[in-house]
Amino acid sequence: MSTKNQVNIVDEIKSRCNIVDVIGRVVPLKKSGSNFKGVCPFHNEKTPSFVVSETKQIFTCFGCGATGDVIAFVKRYYNLEFRGAVEMLAREYGISLDGAFRSNRNKDELYEINRQAARFFYKAMREKSNKGYTYMKNRGISEETMNKFGIGYADDGWTSLYDFLGAAGVAEKKMLELGLISKSKDRCFDKFRDRVIFPIINTAGKVIGFGGRIIGDGEPKYLNSQESGIFQKKNNLYGLNLARKDVSREDSIVLVEGYMDVVSLYQAGVRNVSASLGTALTENQARLIKRYTRNVVLSYDSDQAGQNAAMRGIDILYREGLRARVLRVFDGKDPDEFIRKNGRGAFYDLMDNALPYGDFKLEFAKAGYDLDDEQQKLDFLRDAVGILQSMKPVEADFYIKKLSADTGISEGAIRFEYSGNNSQEKKMPAGIETSTDLKDYEEQMPLVEQDMIKLMLLDEKFVHLPDDISDKAFRSTAGINIHRNLLAADDGQRPFDINRLKDLLDEDAVQALDMINSKIIPQGREDSIYNDCIDRIRLNELKKQENEIITRLSMADEDENGEEIVKLTKQLMDIQKKIKK
C-alpha cells in the first residue's frame, strides 16, 4: 500500500465511520453518561466493562484490556488483517480504494498463476513435435539454451491455456488481469496462440509476464503480456535474471532490443546481455542497470528505427550517470543475425569499436547533412552545439576540438556559439531525481527506521534487534519490507551486497533503500547512534502505551471501574517514570 494513500484512506474511514454504529451491530450497547457500554465480545464476562466513546471514536475494555479505534475493532472481531478491515469498512461506506493497496498476497497469487502458465508452455514445447520447437532449432537455438531461458510454445488452440488453468482452479478474472486470456462477447480465448513463448522473469526469479513470437506470417510479430500488478515494462529487463552475475563480473552490459537477440548472444557466449522488452529505454531500467554496472553498450537494430531508439536510449543512460556506447551492426540487421553469421569474436570486435556518447550523437546528427554544402554545414554546427550543451563541460571541450578539426570551423567560433547559448535557461534533463522525491520517502519512513537500516548495512552486529522491540522497530511499509528481506539475505559479509537486497524489493522500497544508502553515519559513532535508535524506539513505544492508558482512564467510571482505575494509574506512573529516564 502506498503510505500516503494509506493515511488518506484511514483518515477518511475514521471520519465517515461512527464507531458506535459499527460496534453496535454486533455488541448491544447502552448509553452510559457520555459513553456507551456493553458486554465485551473478546472475553467472557457478565458485568459489562466494554466502553465505547463516540466523541473519541475509541473502544476499551476494562476487563481484558482490549482497546483501539474502529479499524482495530473490525480487525479483532472479524479476525482480519489490516487490509481486510479497511476493505470491509471502505466497501460498506462507499470509500474508493483505487490505487491504495499493493497486496503481497495478491502478488504471490499472480506470480503462482504465471508460474503455472510458464510450465504449461514449457511442457507444450517439449512433450510432442510442434512448430515452435522446429522454429527455434531452425534459428540455431539449442535445447540447452531453450531450457535455460524456459522458452515454451503456445499451440494454435483457442482455449488450451484457459482450460488448463481453469482445471487448476484459477479464476477467470485473474487470467484476464494477467493478460493470459482475452474475452469477447462472453467468450474467453487464449491471448497467446501459435507462438514461441519467452517467459519474462525478474531478478527475484518470479515469472512476471510473457513475450510471444509468432511462427510464420502474421501480426503482431511479437506480443507481450499487458501490464499488471506484477508486470510493468518500464521496471524490468528481459534476461537480466540470468545475466546479472556476468554483468557484474564483466562490469558492463550489452543492451539489445529483442528476445531472440538476448538468446542468440547468450548462447554464443556473450552472457552479459539483456533487452528492454521491446519498448524505449526508461529511466527506471537505467537505474536497474546501475545496480550492476555503469558501462552500457547499446546494440540495437541497424535500421533507422533501431538507431532512433539508440539515440533516445543513450540520452537516458547519460542523464542517469552511465557510460554508454553504441555498437553499429553492419553485416546483418540485428545482433542475432550478426552473431549467427560471424560469431562471438566478430561481435566483440564491434563492441571494442562502439561509439561513445558524444561521437554517436554527433555522427547521428551529421548523417542528415551534406557537409560539402556551406549552408548545411552551418545548420549542422548549430545542431552540434546543441548537443555539446547537453554534455558536461570537460566533455564539451573535448568535442569542440574534435568538431573544429572535422569541419574546419575554428574552435573560437564554436566556443563563442556554445557559450552564447549555454545560458542559465538550460533545464535540468528529464529523469533526474529531485530533492522532492527524496523528501517524500523521508516523510514516509521515520528517521529512526532509516538510521537503523543504514547501520544494518554497515555492520552485521546491528541486524538482530533486542527481543523487546524486534517486532516494533519498523512500522512503515518500506521499512518492514527492507528489514524482512535484509534478514533473509544477510550472510554476515560486509560491505553488504545491496544489489542482492534490491532484487527482493519492490520499486518503492528500492527507491527508499537508495535514499537510506546515501545517508552518512559518522565514523566511530555507529554504536552510539544505534543505542540512540534503540532508546528512541523504546521511548516511542512507552509514549504509545502512555496515550492508550490516559485514553482508557478518561473513559473509566469511578463507581464501576475503581479497581481498574487504580491498576491503570499505577501502570501510567511506572511508564511515565521510564519516559523521564
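This report describes salt bridges, one pocket, a set of paired strands and aromatic ring pairs in a predicted model.

## Salt bridges within helices

The count of salt bridges in this predicted model comes to 34, and two of them illustrate contacts made inside a single helix. In helix H1, which spans residues 3-16, Arg16 and Glu12 lie four residues apart, about one turn of the helix, and their side chains meet in a salt bridge with an N to O distance of 2.8 Å. Arg16 is partly exposed, with a relative accessible area of 39%, and Glu12 is likewise partly exposed, with a value of 31%.

Helix H25, covering residues 562-580, holds Lys570 and Asp574, again four residues apart and about one turn of the helix. The side chains of Lys570 and Asp574 form a salt bridge at 3.4 Å, N to O. Here the two partners fall into separate classes of accessibility, since Lys570 is exposed, with a relative accessible area of 53%, whereas Asp574 counts as partly exposed at 33%.

## A link between helices and a network

The salt bridge of Lys174 with Glu109 has an N to O distance of 3.8 Å, and this pair links distant parts of the chain, with Lys174 in helix H9 (residues 172-178) and Glu109 in helix H5 (residues 104-126), 65 residues apart. Lys174 has a relative accessibility of 12% and therefore counts as buried, the limit for that class being under 20%. Its partner Glu109 is partly exposed, with a relative accessible area of 39%.

Salt bridges also extend beyond isolated pairs in this model, as Asp397, Lys401, Glu411 and Arg415 are linked by them in a network.

## The second largest pocket

The second largest pocket has a volume of about 500 Å³, and 27 residues line it. Of these lining residues, Tyr222, Glu257, Gly258, Asp261 and Asp301 lie nearest the centre of the pocket. Two or more lining residues come from each of strand S11 (222-224), helix H11 (259-267), helix H13 (304-319) and helix H14 (335-352).

Sorted by class, the lining of this pocket is made up of eleven charged, ten nonpolar and six polar residues.

## Strand S9 and its partners

Strand S9, which runs over residues 195-201, is mostly covered, with six of its seven residues buried. S9 pairs in the antiparallel sense with strand S6 (residues 152-154) over three bridges, and it is joined by seven bridges to strand S10 (residues 207-214), also antiparallel.

Arg195 of S9 can be followed into both pairings: Ala154 stands opposite Arg195, and in S10 the bridge partner of Arg195 is Ile214. S9 and S10 form a hairpin that has five residues between the strands, and in this hairpin Gly205 takes a positive phi near 85 degrees.

## Aromatic pairs

The count of aromatic pairs comes to 26. Among them is the stacked pair of Phe73 and Tyr77, whose rings are 5.5 Å apart centre to centre, with 10 degrees between the planes. Both residues lie in helix H3 (residues 70-78), four residues apart, about one turn of the helix. Phe73 is buried, with a relative accessible area of 1%, whereas Tyr77 counts as partly exposed at 33%.

The rings of Phe198 and Tyr259 have their centres 5.2 Å apart and their planes at 10 degrees, so this pair is stacked as well. The pair links distant parts of the chain, with Phe198 in strand S9 and Tyr259 in helix H11, 61 residues apart. Phe198 counts as buried at 0% relative accessibility, and Tyr259 is buried too, with a relative accessible area of 5%. The stacked pair thus connects S9 and H11, of which S9 is the mostly covered strand described above and H11 is one of the elements that give two or more residues to the lining of the second largest pocket.

Ring pairs further link Phe42, Phe50, Phe59, Phe73, Tyr77 and Tyr78 into a cluster, which includes the Phe73 and Tyr77 of helix H3.

Definitions and conventions
Residues are numbered from 1 along each chain as its sequence is written. This is a predicted model: local features need pLDDT of at least 70, side-chain atom pairs count only at pLDDT 80 or more; totals for chains, interfaces and linings use all residues. Side-chain values use heavy atoms; hydrogens and water are left out. A salt bridge is a side-chain nitrogen of Lys or Arg within 4 Å of a carboxyl oxygen of Asp or Glu. Buried means under 20% relative accessible area, exposed over 50%, partly exposed in between (1.4 Å probe, protein chains only). On a 1 Å grid over the protein atoms alone, a cavity is a set of points where a 1.4 Å probe fits but cannot get out, and a pocket is an open set with protein on both sides within 12 Å along at least five of seven lines; lining residues have an atom within 4 Å of a point. Grid points are joined across faces, edges and corners, and a volume is the space filled by probe spheres set on the points. Ala, Val, Leu, Ile, Met, Phe, Trp, Tyr, Cys and Pro count as nonpolar, Asp, Glu, Lys and Arg as charged, and the others, Gly among them, as polar. Two strands pair if DSSP finds at least two bridges between them. Rings of Phe, Tyr and Trp (its six-membered ring) pair if their centres lie within 6.5 Å; planes under 30 degrees apart count as stacked, over 60 as edge-to-face and the rest as tilted.
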